[in-house]
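Open the model in your viewer and keep the selection box handy. The tour goes stop by stop.

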Amino acid sequence: MMIGGAVMLEIHLFVNPLGMRCFRCENDVLRVDQNLNAKISYQFIPMFNMQTIADTIKLYHLSSCDLRVRKEVADTLSQVILDYKAALFQGGRRGRQYLLRLQNAMVKQGWHYSDQLAHEIAEQSGLDLEMFMEDRHSAIAKEAFKKDQQMANSLGVTTTATAVVYDSAEPQYGYLMPHFDYETLIESYRNRTFNPNQSGKAFAEQYHPQGLQIVKSN
């Protein structure tokens, strides 16, 4: 997609929906996006694998040896992701707001996940509650969940805070950036060293010069 002749960058950020670092990154990205939304688009893609389960157990200081705890964490993560997908069905902006509000309640305020909490956050996010409560258990939400994990696997993404950057000039290729540092992005934007018109490759090399990988989109 081209806007005013400029390169359009699209960033896919793979996140742990219950991770503090990802929560901070998402908020920072959205603040930058308010000024650059004509040049850059963002997607937050939740990851569900053994690593995100282990990271969540560690984050909440739970027992890593208790199989019951591990199953409870896995079930919570999977339902949170389904809730996010259901919220996205009502628009990207509302979906992102739902995720950020839910993360704030759980990560910062210490709320335990429940159907009631999901209902309250959906209401605060302006979602159609009847539609949301139906969609969060639907086959289409589960299919969207599955496709996200397949995308991560096909791109070789195994850890969160990994970004894949595409641009309009080379839509068939992406640039994989592990440990993407949004503080550097924001500082560069404030100092006016960040150029949103640069290519996806130049963008990726600027913020992750070592170990840059090129991946082919499906």
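**Stop 1: strand 3**

Select Thr 162, Val 164 and Tyr 166, which are buried on one side of strand 3. Now add Ala 163, Val 165 and Asp 167: these sit on the other side and are buried too, so both faces of the strand are covered. This is a predicted model, so keep that in mind throughout. Buried here means under 20% relative accessible area. Strand 3 spans residues 162-167, and 6 of its 6 residues are buried, so the rest of the structure largely encloses it.

**Stop 2: the strand partners**

Select residues 9-15. This is strand 1, paired antiparallel with strand 3 over 6 bridges. For one bridge, pick Glu 10 and its partner in strand 3, Tyr 166. Next, select residues 173-177. This is strand 4, also antiparallel to strand 3, over 3 bridges. Pick Ala 163 here: its bridge partner in strand 4 is Met 177.

**Stop 3: the largest nonpolar core**

Which residues touch the most other members of this core? Select Tyr 98, Leu 102 and Phe 132, out of 21 core residues. Then color helix 2 (50-59), helix 3 (67-88), helix 4 (92-108) and helix 5 (115-124); each supplies at least two residues of the core. Helix 3 gives the most, with 7 residues.

Zoom in on Tyr 98. Leaving aside neighbours within four places in sequence, its contacts include Asp 83, Tyr 84, Ala 118, Ile 121 and Phe 132.

**Stop 4: the second core**

Finish with a separate core of 16 residues. Select Leu 13, Phe 44, Val 165 and Phe 180, which are among its members.

Notes
Residues numbered from 1 in each chain as written. Predicted model: local features only at pLDDT ≥ 70, side-chain atom pairs only at ≥ 80, totals over all residues. Heavy atoms only, no water. Buried < 20%, exposed > 50% of the residue type's maximum accessible area, 1.4 Å probe, protein only. Helix = DSSP H or I, 4+ residues; strand = E, 2+ residues; numbered from the N terminus. Pairing = 2+ DSSP bridges. Core = buried A, V, L, I, M, F, W, Y, C linked by side-chain atoms within 4.5 Å. Contact = heavy atoms within 4.5 Å.
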